[in-house]
Every structure is written in structure tokens, then in C-alpha cells.
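Trainee: Could we go through this structure together? I should like to begin with the surface and then turn to the interior.

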Amino acid sequence: MAGLMEGKRGLIMGVANNRSIAYGIAKALHAQGAEMAFTYQGEALHRRVEPIAAEFGSDLVLPCDVTDPDAMDAVFNVLKSKWGKLDFLVHAIGFSNKEELEGRYVDTTPGNFALTMNISVFSLTALAKRAEALMDDGGSILTLTYYGAEKVLPNYNVMGVAKAALEASVRYLASDLGPQKIRVNAISAGPIKTLAASGISDLREMLKWNEENAPLRKNVTIDEVGNSALYLLSDLSSGVTGEIHYVDSGYNIIGMKAMPKDAP
Ligand code: NAD
């Protein structure tokens, strides 16, 4: 199947490099004909994101730190003047201070709690509000979450609390925006070694555990997340909103892996 995204224009937020989940998503969308704009956070990432955007045929590369409402307004103003409309938005953004992604959740500080919630959760709502104004013909909004929203995982801490709030936001936004045919969904991805994930202490153990215990006995790739994102961002999923879609090799369904009868 080709051309699923032909004629669709969207904003990709959260590419840091070619290992980013947002990169895997952009790759899958580009292969199906999507036209995309990209944002970057901070000058250091500008240099990285520009060639990536070019790889996908885009020269629309805009600065945006989601803690800055004026920066978010500026991005949507540019999209309005260039395109006049928006068909999809990818929110692949999360942040928490590294020092609090280890040890005990109970030691989370108020400052980092607020920062984590603002960048990783509220930004989706702030961006959805701005996207709504450009989605006159409906649209699709996608964010990224993790199983740590539902179950306790070592070191995920305040990020797990943030992802729980993010998943609730997906449902509230889907309800608010559904009447305008704007769909809002999340992919709950299995662990992948990216820049953001490297901030989680013991990521290597997490990857190993997932690989050994998930039904598919492997970790997922950004290409696999990208292909599922293509479904959620295209009209293939026109009847789907408010969903948390797992792309985790099935890890979330397992209570306990069957052990061989003669295991020691
Ligand atoms: P990544 O480091 O490649 O991407 C994270 C992005 O967030 C970066 O591009 C960074 O610039 C951006 N960001 C951080 N603070 C920002 C701010 N203030 N303003 C604007 N952008 C900001 O890592 P990734 O793993 O691709 O992360 C993308 C999303 O996927 C995150 O929400 C993450 O929690 C989620 N996720 C990751 C995994 C995993 O194992 N890697 C699993 C499930 C969900």
C-alpha cells in the first residue's frame, strides 16, 4: 500500500537524532507521502534536525521549547501562513531531571515534579489547543507513553506519574475534540535506547527484561513504532480515538511468563 498520507500535512515534535521515536514515525509517514514540518528544542538540536528534515523533503524547521507559550504560538502561526491547515500532530516529547530517574519516587522534588508534568504532560494539551484551530477538516494527534504509567518500574518514578496523567489527557482531549473529527491517541512503546531513555538508570536491565519476557521475545524498534503511528495518523484508523495502543512486543499482557516444566 502506498500514498496513505498523500495530501496530508503535519507537525513532528520531538526529533533529537535518527534514533528518536519521532524519527521512526517521520520515516514511515514520509514513505506514504506526508508533508511535514519539524520543531527542535535549543540551538544544539537545530543542527541535528535540519538535515533530518531535509532527508524527508522538508525545509520547515522551527524552534520550539514547549515551556514557552510564545514559541508554541510562533510555530502554529508559521504553519497557518504556510499551509493554512494541519492534518496531524506528533508529540514525542518528555523530560525529567536525570537525578530523579533513579532511586525512590518518594524523593521527587516539587520543582522537578512540576517541570516533568509541564513538559511531558501539559504540553500535549497546550499544543492540541493550538492544533485544533488549524484542523478545520478534522485531524489526528498522537503522543508517546510507556507502561510505567500503569505499573511500577524501577527508576521510572515521576515519569510514570507523568505518563499516567498523559494517558488521562489523551482521553479528555479525545472527548473534547471528537466532535470536530480530531482524533487523539497514544502509542505505549516498549523500551528503546534513545537519548531520553538513556536518562533512566538501569535502562540496559529494562531492555533485557523486556526482551526475555515479552511474548515476541524481542524489543521493538523505532520503525515498528513508526508503522503503528502511520495507522493512527492516517485514515486507516478513522474510527479510533482516545486509545492507548501498545507497541511493546506484547509485554503488557503478561502476568507471568510460562516456565519450562523441567527448568531448574
Ligand atoms: P528522544 O530523546 O529522542 O526524544 C525526546 C524529545 O523530547 C527530544 O527531541 C527533546 O528535544 C524533546 N524535548 C524535551 N524537552 C523539551 C522541551 N522543553 N521542549 C520541546 N521539546 C523537548 O527520546 P524518545 O525516546 O524518542 O522520546 C520520545 C517520547 O517517547 C517521549 O515522550 C518518551 O517518554 C516516549 N517513550 C519513549 C520510550 C523509550 O523507551 N525510548 C518508550 C515509551 C515512550
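**Surface and core**

Mentor: Arg48 is partly exposed, with a relative accessible area of 44% (partly exposed lies between buried, under 20%, and exposed, over 50%, with a 1.4 Å probe and protein chains only). This is a predicted model, in which local features need pLDDT of at least 70 and side-chain atom pairs count only at pLDDT 80 or more, while totals for chains, interfaces and linings use all residues. Residues are numbered from 1 along each chain as its sequence is written, and side-chain values use heavy atoms, without hydrogens and water.

Trainee: Where does Arg48 lie?

Mentor: Arg48 belongs to helix H2 (residues 43-55).

Trainee: Which residues make the nonpolar surface patch?

Mentor: Tyr105, Phe113 and Val161 make the patch, of about 220 Å². Patch residues have over 30% relative accessible area and no salt bridge, and nonpolar side chains are joined within 5 Å. A salt bridge is a side-chain nitrogen of Lys or Arg within 4 Å of a carboxyl oxygen of Asp or Glu.

Trainee: Is Tyr105 buried or partly exposed?

Mentor: Tyr105 counts as partly exposed, at 37% relative accessibility. Tyr105 sits in the loop between strand E4 (88-91) and helix H4 (110-132).

Trainee: Turning inward, how many residues has the largest nonpolar core?

Mentor: The largest nonpolar core has 38 residues, and Ile12 and Leu29 have the most contacts inside it. Such a core joins buried Ala, Val, Leu, Ile, Met, Phe, Trp, Tyr and Cys residues through side-chain atoms within 4.5 Å.

Trainee: Which helix gives the most to this core?

Mentor: H1 does, with seven residues.

Conventions:
Helices (H or I, at least four residues) and strands (E, at least two) are DSSP runs, numbered from the N terminus. Patches are made of residues with over 30% relative accessible area and no salt bridge: like charges are joined within 9 Å, nonpolar side chains (Val, Leu, Ile, Met, Phe, Trp, Tyr) within 5 Å. Accessible areas come from the Shrake-Rupley method with a 1.4 Å probe; for residues, only the protein chains shown count as cover.
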